[in-house]
Amino acid sequence: MLRALLLLPLFGAGLLALVPARRVDLLRQLASLAAGATLVCSLLLLVAFDPDGGAIQFFETRPWNPRVGAHFALGLDGVSLPMVLLATLLCFLAIACSTGVRTGAKLYFSLLLVLESALLVVFSARDWSLFYVAWELTLIPLFFLIDRLGGAHRHRAALNFVLYTLGGSVFLLIALLLLYDVAPGHSFAMADMAAGGAQLPARTQVLVFLGLLVGFGVKMPIVPLHGWLPLAHVEAPSPVSILLSGVLLKMGAYGLIRAAWTLPAAALAMQDWLALLALASLIHGAVLAWRQTDLKAMIAYSSISHMGVVLLGIAALNHAGLSGAMTQMVAHGLVAGLLFLLVGLLYERTHSRELAAYRSLHASAPRFAALIAFALLAAVGLPGGAGFVAEVQVLIGAYGRWGGWLLFASLGMLISAAYALRAIRCVWSGPGRAVRTGISGGSSRIDDLKRSEYAAAGLLAVGIVGIGVCPSPLLALMTTSLSRLVSQLAV
């Protein structure tokens, strides 16, 4: 079943190669069908998954390059399965909502499906060599998606993204090779490399962990490694921005959790430094988001702040913090996906992303205005949303480790509330504007959400509220795996 999950998007991409490029609607329907089948397959894995099982489930391995100890090893646990579910859901919605893509549609949908397959391999790999290959493979479709189909500055955005990520990957590769050198039998298996890493001196473990931190920190991103993110988000097509913020950033956080699992002594030694980086990301991202007038740029910078919350939970290295970090990864994926979906649909109608262009949006497009307000409130952790559940757990875990120093984290959350409320005030008040002409006081109206668009946005909204009101299924899914990690850390 796990192999089917990984192969379905590739099968869909191969099927698209047989369809003429002029059949745009058929291309989108076939791509949506492949992504939908992948989503169904991930749900079947969820049904078959035993949340109380401590071992890796659905595990299978095949020799890949026996001479260097590399295997095509796959498996899921309570940390990776939520990410697989999130990736398949957002990929399906990103493809289904790409109705505005008419030029280069064949390349666009094929690259999205290849990207989905690479993402799923990253989250299900149980061999570091396979993980690294899939990690790098995500760069290829993303580069072409941004460079060929992005905005006015797409070439610079695509180049920045690739150079930043490749630069971080150099540190990641060196760290993995150092672990490979001490792994029993020179194996890339995650369990073997963790066993070998435990034999390293504490100072060497910290140096290896720093290499992993740089590699994963670029993708999260952690301040000051975040320079690629705002431009890539703004210039990428909006469905691609859904995946960038909703899934790609989570790859870095997921990898960092695996790094802590591999080098627990180094993670403990770096706790306070990780917390400082988390607070810097949280506050810096919130301040930059507050200063934006471009709605897409505001959401992009806010992602840095929200991933700072994830890093703070990971840095706590206790059950509450790690559980909050995982919940925040899922919550932010849903919220960011909803926001980028709405902004993309608005841009298709208005060709503007300026916040001032959406004054009194509720008068002509009440569904748009209501969902934007809902998503922004969910982003700042309003009770009843998934973000609230996540942030409370992170704060509890961090308070248990650092006590009153946690007050600095409240600054970022207050600034987040400020820019969110400013945006809500803008779409629900102010003089009417003719967005299509840019003339203040005109009578031009924005078409509200269509039924299919409303269904896609509503699905994400239901997920946000569902986790916020009843988080126990998600928490139960992760508990056993996180308990194993915490016991290994002996915190």
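**Aromatic pairs, a long-run helix and the cysteines**

F72 comes out as partly exposed, because its relative accessibility is 33%. Keep in mind that this is a predicted model. Overall it holds eleven aromatic pairs and zero disulfides. Here's a run through the rings, helix α7 and the cysteines.

**Ring pairs**

- Among the eleven aromatic pairs is the one between F49 and F58, whose ring centres are 6.4 Å apart. Their planes meet at 35 degrees, so this pair counts as tilted.
- The two partners sit in different settings: F49 is buried at 6% relative accessible area, while F58 is partly exposed at 25%.
- W64 pairs with F72, again with 6.4 Å between centres, but here the planes are 90 degrees apart and the arrangement is edge-to-face.
- W64 is partly exposed, with a relative accessibility of 40%, and its partner F72 is partly exposed too, at 33%.

**A ring cluster and charges over rings**

- Four residues make up one aromatic cluster: W128, F131, W135 and F216.
- W135 also has a charge over its ring: the charged end of K219 is 4.2 Å from the ring centre.
- Elsewhere, R367 sits over the face of Y454, with 4.4 Å to the centre of that ring.

**Helix α7**

- Helix α7 covers residues 154-182, which is 29 residues. Counting 1.5 Å a residue, you'd expect a span of 42 Å, and the C-alpha atoms at its ends are indeed 42 Å apart, so the two values agree.
- Plenty of names turn up on its buried list, including A157, A158, F161, V162, T165 and G168. Further along α7, L172, A175, L176, L179 and Y180 are buried as well.
- Spacing is worth a thought here: an α-helix has 3.6 residues a turn, so residues three or four places apart point the same way.
- What covers those buried residues? The cover includes α5 (128-137), α6 (139-149) and α8 (190-197). It also includes α9 (202-219), α10 (229-235) and α11 (238-262).

**Cysteines**

- How many disulfides does the count give? It comes to zero.
- C91 shows why a bond is ruled out for that residue: the closest cysteine sulfur, in C97, is 13 Å from its own, which is too far. A disulfide would need the two sulfur atoms within 2.5 Å.
- C91 is buried, at just 1% relative accessible area, whereas C470 is partly exposed, at 43%.

Methods. Residues are numbered from 1 along each chain as its sequence is written. This is a predicted model: local features need pLDDT of at least 70, side-chain atom pairs count only at pLDDT 80 or more; totals for chains, interfaces and linings use all residues. Side-chain values use heavy atoms; hydrogens and water are left out. Rings of Phe, Tyr and Trp (its six-membered ring) pair if their centres lie within 6.5 Å; planes under 30 degrees apart count as stacked, over 60 as edge-to-face and the rest as tilted. Buried means under 20% relative accessible area, exposed over 50%, partly exposed in between (1.4 Å probe, protein chains only). A charge sits over a ring if NZ of Lys or CZ of Arg is within 6 Å of the ring centre and within 35 degrees of the ring normal. Helices (H or I, at least four residues) and strands (E, at least two) are DSSP runs, numbered from the N terminus. The expected span of a helix is 1.5 Å times one less than its number of residues. Contact means heavy atoms within 4.5 Å.
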